[in-house]
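Me: Please take a close look at a single helix in this structure. I would like to know how it is placed and what it meets.

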Amino acid sequence: FVVTYMVRFFIIGTLRRFTDQAEWLFITARDTLDLIEKELKRNHFPGQVIFQTDLDVVGEKLKKNWAGVVLALDRRGLQENEKLSKILMRARFEGLAIYDICSLYERLWRKVPVHFLDFEWFISSEGFHLFSNPIGLKLKRLSDLFLAFFLTLLVWPLMLLAVVLIKIDSVGAAIYSQVRTGRNGKPFTIFKFRTMYIDAEKDGPQWAKRKDNRITRAGFFLRKTRIDELPQLFNILRGEMSFIGPRPERPEFNKTLEEKIPFYSLRHLVTPGLTGWAQIFYPYGSNLEDAVQKLQYELFYIKNQSLLMDLTIVLRTVQVVLFGRGR
């Protein structure tokens, strides 16, 4: 055990030093430079980055042995720039690693950069088997029914405990309902244990916030343990939700988000879930920027969904709950 640990420590440390010193060239437009810098910092990019916004001198920059070259450009612009395309093609054939920024996002961070997507990407990219695999969809639905029924029998004591805690801690019904947007934009009624005071939205719909003073003491515990989500097992049994999928959002927020975030409405093409890829990687969401980040993870899930991926999400969700990182 000691020897194995020491070997792993040495190898990981060596690789980390190598990747931190590696230099990458990012070819991008000036108007997207700030966005890319912010994203690389947010995601802790493993390496040193040099940006090149002047496309006329890219050929001179490619003479260096970069760890990789990342194209963060509009596809049409690259296709129209024949000179740049030939330079990059020659560099690749000479052994230089060249990545499209969408592929880099998927490889490193398991999400897709929504601000760099276009219709061509959705048409030509591999994946999206979720929409062309009827057998897989039926298996997913059968597994949802089995798990929802089994868990309902298993966790009903927790649900009863939640009702008692809510009643002791504050005035109002233990379970509340709320309209959410489901598959294909169809509204449905979601059920949850109440975690806020009954007048929490007297001023209208609001984003949930970190350290939200509208949350009761019992509600804080229920959210941290995800017990507040258990009534949604009935939504799963009714076919309105799945165990795995994008979290259903409120119609009041969806309207604004669809206007401001590219391709946001695509998340409504699949059945919403009790948990999802976005929840295990980006558990908190309280503003527009958080919605963008979650959508990037959700589109990655929609593109790469499989039963193995669903199992991974279930196991990671259990880990999140056990270590109290839920909300």
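Reply: In this predicted model, the axes of helix 6 (residues 101-109) and helix 13 come within 12 Å and cross at roughly 90°. The crossing angle therefore makes helix 6 roughly perpendicular to helix 13. On the helix 6 side, the residues that take part are Y105, E106 and W109, and they meet Q296, Y297, F300, K303 and N304 in helix 13. As a general point, an α-helix has 3.6 residues a turn, so residues three or four places apart point the same way.

Helix 13 itself covers residues 288-304. With 17 residues at 1.5 Å a residue, helix 13 should span 24 Å, and the 25 Å between its end C-alpha atoms agrees with that. Of these 17 residues, 14 are buried, so helix 13 is largely enclosed by the rest of the structure.

The start of helix 13 has a polar contact: a side-chain oxygen of N287 comes within 3.2 Å of the backbone nitrogen of E289. The side chain of E289 is also engaged, in a salt bridge with R42 at 2.6 Å, N to O. Because E289 belongs to helix 13 and R42 to helix 2 (residues 33-42), this pair ties together parts that are 247 residues apart in sequence. Neither partner is fully enclosed: E289 has 29% relative accessibility and counts as partly exposed, and R42, at 27%, is likewise partly exposed. The E289 and R42 pair is also part of a network of salt bridges that links E39, R42, K111 and E289. In general, side chains of opposite charge can pair when their charged atoms come close.

For context, the whole structure holds 13 salt bridges. One of them joins K192 and D228, with the closest N and O atoms 3.7 Å apart. This pair also links distant parts of the chain, 36 residues apart: K192 is in strand 6 (residues 187-193), while D228 is in the loop between helix 9 (217-225) and helix 10 (233-237). K192 has a relative accessibility of 9%, so it counts as buried. D228 has a relative accessible area of 1% and is buried too.

A further salt bridge runs between E252 and R250, where the closest N and O atoms are 3.9 Å apart; the cut-off for a salt bridge is 4 Å. The two residues of this pair fall on either side of the 20% limit for burial. E252 is partly exposed at 42% relative accessibility, whereas R250 is buried at 8%.

Two other positions can be set beside these. T152 is placed in helix 8 (residues 134-169). The relative accessible area of T152 is 18%, so T152 is buried, the cut-off being under 20%. Leaving aside neighbours within four places in sequence, T152 is in contact with L233 and L237. E126 sits in the loop between helix 7 (119-124) and helix 8. With a relative accessible area of 69%, E126 is exposed. From E126 to I227 the C-alpha to C-alpha distance is 37 Å, and the two residues are 101 apart in sequence.

To return to helix 13: helix 6 crosses it at roughly 90°, and E289 pairs with R42 in a salt bridge.

Notes
Residues numbered from 1 in each chain as written. Predicted model: local features only at pLDDT ≥ 70, side-chain atom pairs only at ≥ 80, totals over all residues. Heavy atoms only, no water. Helix = DSSP H or I, 4+ residues; strand = E, 2+ residues; numbered from the N terminus. Expected span 1.5 Å × (residues − 1). Buried < 20%, exposed > 50% of the residue type's maximum accessible area, 1.4 Å probe, protein only. Polar contact = N/O pair within 3.5 Å; in protein donor to acceptor, adjacent residues only side chain to side chain. Axes fitted to C-alpha atoms, helices over the stretch in contact; angles between N-to-C directions. Parallel < 35°, antiparallel > 145°, perpendicular 65-115°, else oblique. Contact = heavy atoms within 4.5 Å.
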